[in-house]
Amino acid sequence: MLPLRIVETDRPDFDQPIVELWREDEFVGMVFWDGEEAVVQIYPDNDGDVHDIAVEDMFRVLELAMQIVMPEDQLEAQGDEILAAINAAEPEGTWDEEDPFTRTLTDEFDDQVVYRAEDGEGFFDRKTALAMLARCDELGLAVVTMDGFDLEGAVLIPRPELSVAIAAPAGLDWAVRVAAANAQIRDALDGWDTRPTLVAAFVIQQSDGETFVA
């Protein structure tokens, strides 16, 4: 089954951007902001039949589309709520109690940071970030938050517009949640500018629901 792709566009009768859903050259539907919520419309295929869409693929594009069409103030508020929930769920205990897959990831990438904040948060260049995402796929770890910054010398400059927070429904199988979350993060990262100063920071979730800062 061919994957969906998204195309961001503006229309004069909408205040917010519209995200069109396509499968190759066939229009599938669109996502738009309807005053209070994001709405998706799915249209019949070229033969008038229904579209068969993989749940994982639909979840991936809808999460990313919602980030695009949502008004900036509401997007920031949603991100703050998600981050607050993540921070409230930070596990207590020693480093020795860490998930083995988490330890594997951190052992492999700790020395690849381009900047490490005083609180321990790591910042990675694009190439390393993509490698981390691939490794998270293999280890069953879900990247649930990604924030972009510019590293100008020793100065870290936040870029609020480059912030992605994933809120996957709890009922999904964990492997599906990992694949969907990481695919959305990868799509967002692919859409960022390729300037060499751009770095990314991540919050990653384990299969037990606990999260950690990379």
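Across the predicted model, the mean pLDDT of the protein is 83, and 85% of the residues reach a score of at least 70. Confidence is lower over residues 89–96, where pLDDT stays under 50. For this stretch, the model contains nine contacts beyond four places in sequence.

The β-structure considered here is an open sheet of four strands, arranged in the order β1-β2-β3-β4 with antiparallel pairing. The edge positions are taken by β1 (5–9) and β4 (38–42); each of these has a single partner strand, so one side of each is left without a neighbour in the sheet. On average, neighbouring strands of this sheet are turned by 25 degrees against each other, direction ignored. Within the sheet, strand β2 (residues 18–23) is joined to strand β3 (residues 26–33) by five bridges in the antiparallel sense. In this pairing, W22 is located opposite F27 of β3. Helix α1, comprising residues 55–69, lies across β1, β2, β3 and β4. Relative to β3, helix α1 runs at about 45 degrees.

Electrostatic pairing between side chains was examined next. Side chains of opposite charge can pair when their charged atoms come close. A total of eight salt bridges was counted in the model, and three of the individual pairs are described below.

A salt bridge links R11 to E20, with a separation of 3.1 Å between the closest N and O atoms. The two partners fall into separate accessibility classes: R11 is partly exposed at 28% relative accessibility, whereas E20, at 14%, is classed as buried because its value lies under the 20% limit.

R135 and E108 form a further salt bridge, in which the closest N and O atoms are 2.8 Å apart. R135 belongs to helix α4 (residues 126–139) and E108 to helix α3 (residues 100–109), and the pair therefore ties together parts that are 27 residues apart in sequence. The relative accessible area of R135 is 22%, which places this residue in the partly exposed class. E108 is likewise partly exposed, with a relative accessible area of 32%.

The third pair consists of R195 and D193, whose side chains meet in a salt bridge with an N to O distance of 3.7 Å. This pair forms part of a network in which D150, R159, D193 and R195 are joined by salt bridges that share partners. R195 is partly exposed, with 29% relative accessibility, and D193, at 43%, is also assigned to the partly exposed class.

Terms used: Residues numbered from 1 in each chain as written. Predicted model: local features only at pLDDT ≥ 70, side-chain atom pairs only at ≥ 80, totals over all residues. Heavy atoms only, no water. Pairing = 2+ DSSP bridges. Helix = DSSP H or I, 4+ residues; strand = E, 2+ residues; numbered from the N terminus. Axes fitted to C-alpha atoms, helices over the stretch in contact; angles between N-to-C directions. Contact = heavy atoms within 4.5 Å. pLDDT = per-residue confidence, 0-100. Salt bridge = Lys/Arg side-chain N within 4 Å of Asp/Glu carboxyl O. Buried < 20%, exposed > 50% of the residue type's maximum accessible area, 1.4 Å probe, protein only.
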